[in-house]
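User: Hello! I am new to this structure and would like to learn how to read its features. Could you walk me through them?

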Amino acid sequence: MSVALSSVPPALWAGFTGVLGLLIGSFLNVVAYRVPAGLSVVRPGSACPACRHAVRGRDNVPVLSWVLLRGRCRDCAAPISARYPLVEAGTGLLFVLVSARLAAAGELSVLAACLVVTAAGVALALIDLEHGRLPFSITGVASLLAAAALAIAWWAGAVSPAAVLVSAAVWFAVYGGIWFLTAGRGMGLGDVALAPLLGAVLGSLGLAEGVVGLVAGFVLGAVVGIALMLSGRAARGSRIAFGPFMLLGAAVGLFVGAPLGSAYLGLTGLA
């Protein structure tokens with residue numbers, strides 16, 4: 001059965017998804033730290049990196065605990081990076097924005113797929129910027145969850161399977177083609193694995209969103225790459241983490257893909 005988001009008051013969705021985003025953001029901090037190190041994201045529980053004392057439940061409330069503790073460990077007073085509350089607050093804000101984008105005409109299972117990619121995207125961007133890779137474990141789990149949500153949306157008649165498959169195929173062909181033609185120098189396999197996931201979820205909204213998101217990622221990557229070279233912070237041929245640009249491009253496709261696709265690419269009425 002299809003569940004229309006428009007049947008729920010927008011303020012309720014904003015509050016629910018905002019709190020959900022804060023909680024998930026707290027978990028994403030753990031994911032971004034432990035997955036690159038090959039550690040379990042479940043055990044052991046969170047602990048202070050300095051004194052190794054387990055974090056108490058009351059000290060693990062997203063954003064609020066960091067503020068009340070003034071950014072320091074309760075036991076040893078070691079500083080706690082501001083990155084933690086920023087990731088939590090940022091994830092909460094992203095969840096609110098995504099739900100607001102889909103509230104007017106979206107469907108619950110499509111929103112679920114978009115939120116899965118949003119959460120995975122935060123962790124992947126953090127890891128790619130710090131370690132220069134996109135772990136398959138995160139992309140794989142996100143792909144399974146998003147596929148399940150989109151399958152429910154297809155069964156409910158809320159999405160076009162053709163648009164989902166075409167968009168995913170185009171993203172995979174472009175990134176896979178670059179990886180193949182450059183023998184892995186122009187694109188990593190992590191980027192190739194992430195591409196069809198982003199393409200499929202954007203395609204569930206429409207082909208315009210998928211195409212605009214694909215193009216926007218390369219445009220943003222080119223602009224930043226040129227800026228880094230002009231500033232002397234990167235040389236021609238330097239490797240730059242491209243995952244964040246893929247994700248930013250997907251965000252552009254999500255929020256403004258329909259009007260941009262209509263105005264500049266002639267993509268109208270494609271869903």
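Analyst: Happy to help; we will look at helix packing, then a pocket, then some details of the backbone. Please keep in mind that this is a predicted model.

User: Let us begin with helices. How are two packed helices described?

Analyst: Two numbers do the job: the angle between the helix axes and the distance between those axes. Here, take helix α5 (residues 136-155) and helix α7 (residues 189-203), which pack at an angle of about 15° with their axes 10 Å apart. Because of that angle, α5 is roughly parallel to α7.

User: Which residues of α5 and α7 make the contact?

Analyst: From α5 come Phe136, Thr139, Ala142, Ser143, Ala146 and Leu150, while α7 brings Leu189, Gly190, Ala193, Leu194, Leu197, Ala200 and Val201. Sorted by class, this contact of α5 with α7 has ten nonpolar, three polar and no charged residues.

User: And is the crossing of α5 and α7 left-handed or right-handed?

Analyst: α5 passes α7 in a left-handed crossing.

User: May I see another pair? At what angle do α1 and helix α4 pack?

Analyst: The angle between α1 and helix α4 (residues 108-131) is about 35°, and their axes are 10 Å apart. Their crossing is right-handed. On the α1 side you will find Trp13, Thr17, Ile24, Leu28, Val31 and Ala32, and these meet a set of α4 residues including Leu108, Leu111, Leu115 and Ala119. The contact of α1 with α4 divides into 13 nonpolar, one polar and no charged residues.

User: What about α1 and α3: how do they pack?

Analyst: α1 and α3 pack at an angle of about 140°, with their axes 7 Å apart. That angle makes α1 oblique to α3. The crossing of this pair is right-handed. In their contact there are twelve nonpolar, nine polar and two charged residues.

User: Now for empty space. How is that found?

Analyst: The idea is to roll a probe the size of a water molecule over the atoms, which shows where empty space is left. In this model, the largest pocket has a volume of about 820 Å³. Its lining is made of 38 residues, and Ser46, Ala47, Pro49, Val55 and Tyr84 lie nearest the centre of the pocket.

User: Which helices each supply at least two residues of that lining?

Analyst: They are α1 (10-34), α2 (64-68) and α3 (83-103). The largest share, five residues, comes from α1.

User: How many residues of the lining are nonpolar, polar and charged?

Analyst: The lining of the largest pocket divides into 21 nonpolar, nine polar and eight charged residues.

User: Last topic: the backbone. Where is there a cis peptide bond?

Analyst: Look at Arg43 and Pro44, which are joined by a cis peptide bond with omega of about -5°. Pro44 sits in the loop between α1 and α2.

User: What is the value of phi for Arg52?

Analyst: Phi of Arg52 is near 65°, a positive value in a residue other than glycine. You can find Arg52 in the loop between α1 and α2.

Key: Residues numbered from 1 in each chain as written. Predicted model: local features only at pLDDT ≥ 70, side-chain atom pairs only at ≥ 80, totals over all residues. Heavy atoms only, no water. Axes fitted to C-alpha atoms, helices over the stretch in contact; angles between N-to-C directions. Helix = DSSP H or I, 4+ residues; strand = E, 2+ residues; numbered from the N terminus. Parallel < 35°, antiparallel > 145°, perpendicular 65-115°, else oblique. Left-handed = near helix turned anticlockwise from the far one by under 90°. Contact = heavy atoms within 4.5 Å. Nonpolar A, V, L, I, M, F, W, Y, C, P; charged D, E, K, R; others polar. 1 Å grid on protein atoms, 1.4 Å probe; cavity = no way out; pocket = protein on both sides within 12 Å on 5 of 7 lines; lining within 4 Å. Points joined across faces, edges and corners; volume = space filled by probe spheres on them.
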